[in-house]
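User: I am new to this structure and would like a close look at one part of it, namely a single strand and the aromatic rings and strand pairings that can be described alongside. Please explain each term as you go.

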Amino acid sequence: MTLTGRFVRLEPLHADHHAALCEAGRDESTFRWYPFPVAGDAPMRAFIELALLEQSRGEALPFVIRTQHDDAIVGSTRFGAIVAPHRRAEIGWTWLSPDVRRTPVNTECKWLLLRHGFESLGYQRIEFKTDSLNAPSRAALARIGAVEEGTFRNHMVVDGGRRVRHSVYFSIVREEWPAVRADLEQQLSRPFSFVVPEQVS
């Protein structure tokens, strides 16, 4: 299923997206907070293969992020850690090319996934996690209405084994979704255009 918004489309991830994702993920800052390598031909192929394997097990729904104004693939996101009997999942594994950071792209991705999760898939809880040192991510999750629940200490070994990461967990539950949806829709209604008007000489 493709999820379509004003600024982006979330399209199901396929193996043939490899080249476009490699191009979108060329900037070295893109994966600064990722716990494992993704940039480059082989790591990106492994990233895609694992996502599709988890999808085949019913544990994930991975997407590529495509901007509406130019049809470019600018990153990836997904539902993961799906536990169907308990009607919960995690939104994460999200990364964006530098060109679309500080635009409505990430906010609309979250809105599309949350709406699909709560209103189509019947989830009761959608969670998020981020590196405790990743202040921008923590602020962004708070801004979309996610509630910070606590920290999993010594949760992951990252940076090639050089650091032990603490992960901060956030969530939105079904009862909170109407208010969160209204706030996100208000944020997304603000004027924004990717097209810079030509200067009149």
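Analyst: **From strand β4 outward**

Ala 81 lies in strand β4, a strand here being a DSSP run of E with at least two residues and a helix a run of H or I with at least four, both numbered from the N terminus. The model is a predicted one, in which local features need pLDDT of at least 70 and side-chain atom pairs count only at pLDDT 80 or more, while totals for chains, interfaces and linings use all residues. Residues are numbered from 1 along each chain as its sequence is written, and side-chain values use heavy atoms, with hydrogens and water left out.

What is the backbone of Ala 81 doing? Its phi is near 50°, which is a positive value in a residue other than glycine. Ala 81 has a relative accessible area of 36%, so it is classed as partly exposed, on a scale where buried means under 20%, exposed means over 50% and partly exposed lies in between, with a 1.4 Å probe and protein chains only. A comparable description applies to Asn 154, whose phi is positive at about 50° although Asn 154 is not a glycine. That residue belongs to strand β7, which covers residues 147-158, and Asn 154 is classed as exposed because its relative accessible area is 57%.

Strand β4 also takes part in the aromatic contacts of the model. A search of the whole structure finds 10 aromatic pairs, a pair being two rings of Phe, Tyr or Trp (its six-membered ring) with centres within 6.5 Å, called stacked if the planes are under 30 degrees apart, edge-to-face if over 60 and tilted for the rest. Among them is the pair of Phe 79 and Tyr 123, which is edge-to-face because the planes stand at 75°, with the ring centres 5.5 Å apart. This pair links distant parts of the chain, since Phe 79 is in strand β4 (residues 73-83) and Tyr 123 is in the loop between α3 (105-120) and β6 (125-131), a separation of 44 residues. Are the two partners buried or exposed? Phe 79 has a relative accessibility of 0%, so it counts as buried, and Tyr 123, at 6%, counts as buried too.

Another edge-to-face pair is formed by Phe 192 and Phe 194, with 5.0 Å from centre to centre and 85° between the planes. Here Phe 192 is partly exposed because its relative accessible area is 32%, and Phe 194 counts as partly exposed because its relative accessibility is 22%.

Rings also gather in a group, for Phe 31, Tyr 34, Phe 36, Phe 47 and Trp 95 form one aromatic cluster. Phe 47 from that cluster has a further partner, as the charged end of Arg 78 sits over the ring of Phe 47 at 4.9 Å from its centre. Sitting over a ring requires NZ of Lys or CZ of Arg to be within 6 Å of the ring centre and within 35 degrees of the ring normal. Which residue places its charged end over the ring of Trp 93? That residue is Lys 129, whose charged end is 5.0 Å from the centre of the Trp 93 ring.

The loop that holds Tyr 123 leads on to β6, and this strand brings in the pairing of strands, which DSSP must support with at least two bridges. β6 pairs with strand β8 (residues 163-173) in the antiparallel sense over 7 bridges. In this pairing Glu 127 has Ser 171 of β8 as its bridge partner. β8 has another neighbour in β7, and these two strands run antiparallel and are joined by 8 bridges, with Val 157 bridged to Val 164 in β8. How many residues stand between the strands in the hairpin of β7 and β8? There are 4, and in that hairpin Asp 159 takes a positive phi near 55°.

Taken together, the look begins with Ala 81 in strand β4, follows the link from Phe 79 in β4 to Tyr 123 in the loop before β6, and continues through the antiparallel pairing of β6 with β8 to the bridges that join β7 to β8.
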